[in-house]
Structures are given as C-alpha cells and as structure tokens.
Amino acid sequence: MRYGRLAGPGTVVLEERPEPSPGDGEVTVSLAACGVCGTDLEKLRGNYRTAGVLGHEPVGRVARVGTGVTGVAVGDRVFVHHHVPCYSCEVCARGDYTFCPNYSKTNIDPGGFAETFRVPRENVERHAILKLDPKVDWDAGALLEPAGCALTAIHRVGLPDRATVLVLGLGPVGLLYARLARALGATWVGGTEISALRRAAAERGGIDLTLDPRDEAAVRAAVEGATHGRGVDLAVVATGHPSVARAATELVRRGGTVNLFGLPEAGSRLDADLQDLYLRGVRVVPSYATTEPEIAEVHRLVVSGALSISDLVTHRVPLERIADAFRLAGRPEEAVKVTVTGPAAG
Ligand SMILES: [Zn+2]
Ligand SMILES: [Zn+2]
C-alpha cells in the first residue's frame with residue numbers, strides 16, 4: 001500500500017510499504033479522508049519539535065479487527081484519534097490530559113495519510129475510535145480533531161456568560177473555534193485574517209465581524225465598539241506569529257484571557273508589556289490538542305445541527321497527489337481546509 005511521509009525539509013513523498021495487520025486488541029482502518037493540519041505544514045518546514053509522523057485527522061472504514069476487540073466491526077465508518085493520554089500519571093490526575101508525558105508517544109501507524117493505518121491497542125482501549133453518525137459526512141469527520149482542539153481550549157479558558165471573543169487568525173482551527181464559541185453562547189465573535197477567502201468562510205458561519213489584521217486601528221476600533229471600550233473577554237491566538245500574541249494581550253479586557261491556541265513558531269517569545277498584563281490581570285493560557293470527551297461532544301454538536309463545519313473543506317485531493325494537497329493547504333487565498341482522500345472515500 002501507499003502512504004505519505006516526510007523525506008527531508010520541505011518534501012513529502014508517497015512510498016510503498018506492506019499493509020499493516022492488526023495485532024491483538026488492534027484495528028486497521030481504510031482511509032476515507034485525513035485533513036492537512038497546520039502542524040503538518042510546520043513539520044514539513046522543520047518548525048515543530050516532535051516526531052515527523054504526518055496526518056492526525058483521519059476518518060475511514062474499519063478494515064480488519066484484531067482478537068479481543070469489541071464495539072467496532074469491519075465496515076464501520078469511524079474517526080480515529082492518534083494520541084491518547086495514559087489516565088494514570090500525575091499530570092492526568094490533575095486533568096491536564098493533553099500534557100500527559102505519554103500522550104504524544106501514542107500514534108497511529110504509519111500516520112493518517114496512508115491507504116490503511118493501524119490503530120494500536122492503547123488507542124483502541126482508551127476509546128480513540130469514534131463511530132460516525134450517518135449525518136456526519138467525511139468532511140465533517142475529518143474536522144472533528146481540530147474542532148475538538150478548539151473545544152478543549154474553550155474548556156481550559158472557560159467561556160464567560162455573554163462572552164465577547166476575538167479570534168486572531170481564521171485558518172481552519174480559528175474558524176472552528178469561532179463557530180464553536182458562537183454555538184456555545186458567545187454574544188459577539190469577531191475575527192482577524194489576511195485571506196479574504198477565509199474571512200468569507202467566517203462570515204458564512206455567523207461570525208459578527210471579520211477584519212484584516214494589517215489595519216490595526218480598525219481592529220482596535222471594532223473591538224472597542226463591540227465591548228463599550230472595555231476589550232474582549234477572550235482573545236484567541238490562532239496563528240503562530242508572536243506579534244499576533246502581543247496584539248491579543250492589548251485587545252482583552254481587564255481580567256480577560258489570551259488563549260495561546262495556534263502552534264507558535266519554534267523559539268518565539270511573547271513580547272508583551274508584562275506590567276500591563278500584571279496590572280490588568282490578563283491571563284495567558286495555552287491549550288494544546290484534545291481528548292476523547294471533547295471530540296465526542298463536537299460530534300454530538302454536529303449531529304444535532306448546533307454546529308455546522310463540513311463547508312470548511314474546500315479541497316479533497318487523492319493520496320497519490322499528497323504533495324499538491326500540502327502546497328494547496330499552504331495557500332490561504334486559495335484553500336480553507338484541504339483533505340487527502342483514500343480508498344474508502346467513495
Ligand atoms: Zn491538527
Ligand atoms: Zn498521563
């Protein structure tokens with residue numbers, strides 16, 4: 001079978017390898033689609049300090065089931081989560097599951113951009129396989145993981161009643177965050193984004209106001225207008241640029257929260273006025289990744305119709321053209337979310 005992997009900086013290639021077979025307690029899945037995430041692009045650029053496995057937003061059909069597996073059967077339409085916490089360490093005991101030291105050691109094999117991938121026993125046992133409701137199409141399914149990341153972030157920061165939220169950076173995860181904040185009761189949600197295509201996707205999803213961040217005065221005026229001059233309750237940094245993180249600290253209200261949500265550039269520093277943060281009581285809260293309860297909650301929101309996300313997938317590219325999919329995903333004026341499709345997509 002074929003799968004996509006990193007072959008040095010800036011290069012993703014398709015390679016042949018034997019199809020994985022499920023061991024005891026394991027499952028293999030035939031790929032329908034897997035989203036290209038911003039972190040996949042950062043791995044390609046060599047800007048992400050993790051192992052180079054690509055593809056972590058896969059949906060597909062169960063191909064084979066190892067002995068002892070219950071609850072899923074061959075042919076089931078499923079989403080698979082690549083990382084699972086151990087639920088037994090000190091970090092997990094405090095509820096900080098995605099920061100579990102074992103979390104990112106777990107993974108699907110050989111990644112999500114593969115005709116067939118193997119789901120290890122620990123992922124199966126810890127409920128990382130979610131059966132998709134018939135109402136959830138492959139596009140929405142491939143967005144469950146990034147949407148789960150947004151929900152995990154919202155839970156970490158806490159969304160106040162009648163919240164005002166500004167999302168800085170309307171890439172796919174920023175758009176999902178903005179739509180979730182709206183679905184969960186935020187009264188005003190604004191967004192900043194350079195790409196007109198992505199601003200339009202936000203407006204289609206009911207976001208109140210979108211702005212080009214290069215017009216800093218307009219952004220400031222819009223936030224002041226929407227919040228009686230106070231600043232937003234929550235400013236979400238959904239991009240990796242440190243200058244955007246600084247801008248976020250200046251747009252939140254007294255006692256408000258800046259959520260570091262996008263993967264920051266490696267080695268970047270927060271260049272903020274620390275005395276201002278101190279005197280205004282601004283919290284800076286990072287959030288990374290997600291776990292099964294949030295993914296299941298997002299799935300329920302999609303099934304109920306409270307959250308609509310499928311339209312964010314603008315391009316579906318077959319696995320044999322994975323390099324094109326990566327190029328496209330890196331062009332915000334042309335694409336919102338790009339998925340790589342596999343043999344089960346039909
Ligand atoms: Zn991702
Ligand atoms: Zn743990």
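This report walks through a predicted model, from its two domains down to a single loop residue.

## Two domains

Let's start with the overall layout. The protein is split into domain 1, made of residues 2-143 + 309-345, and domain 2, made of residues 150-286. If you take the C-alpha centre of each domain, the two centres lie 28 Å apart.

Where do the domains touch? On one side, 15 residues of domain 1 take part, and they are in contact with 15 residues of domain 2. Helix α1 (residues 38-45) gives the most to the domain 1 side, with 3 residues. That side of domain 1 is a mixture: 6 residues are nonpolar, 4 are polar and 5 are charged.

## A helix with two sides

Now look at helix α8, which covers residues 216-226. Which of its residues are buried? They are Val219, Ala222, Val223 and Ala226. Seen down the axis of α8, these buried residues fall within an arc of 95°, so they line one face of the helix. A general rule helps here: an α-helix has 3.6 residues a turn, so residues three or four places apart point the same way.

Turn to the other side of α8 and you will find Ala217, Ala221 and Gly225, which are exposed. What covers the buried residues of α8? The cover includes four strands, β8 (164-168), β9 (188-192), β10 (209-211) and β11 (232-237), along with helix α9 (242-251). After α8 comes His228, a residue with a positive phi, near 55°.

## A strand, a helix and a strand

Next, find strand β14 (residues 313-318) and strand β15 (residues 337-341). These two pair in the parallel sense, over 5 bridges. One way to see the pairing is to pick out Val313, whose bridge partner in β15 is Lys337. Between the two strands, the chain passes through helix α12 (residues 322-329), and this β-α-β crossover is right-handed.

## Arg321 in its loop

Finally, let's zoom in on one residue of this stretch. Arg321 sits in the loop between β14 and α12. Is Arg321 buried, exposed or partly exposed? A residue needs 20 or more other C-beta atoms within 10 Å to be buried, and 12 or fewer to be exposed. Arg321 has 14 other C-beta atoms within 10 Å, so it is partly exposed.

You can also relate Arg321 to Leu144. Along the chain they are 177 residues apart, and in space their C-alpha atoms are separated by 23 Å.

Definitions and conventions:
Residues numbered from 1 in each chain as written. Chains lettered and ligands numbered in written order. Predicted model: local features only at pLDDT ≥ 70, side-chain atom pairs only at ≥ 80, totals over all residues. Pairing = 2+ DSSP bridges. Right-handed = clockwise from strand over helix to strand, strands pointing away. Arc of directions from axis to C-beta. Contact = placed C-beta atoms within 7 Å. Domains from an automatic or database assignment. Nonpolar A, V, L, I, M, F, W, Y, C, P; charged D, E, K, R; others polar.
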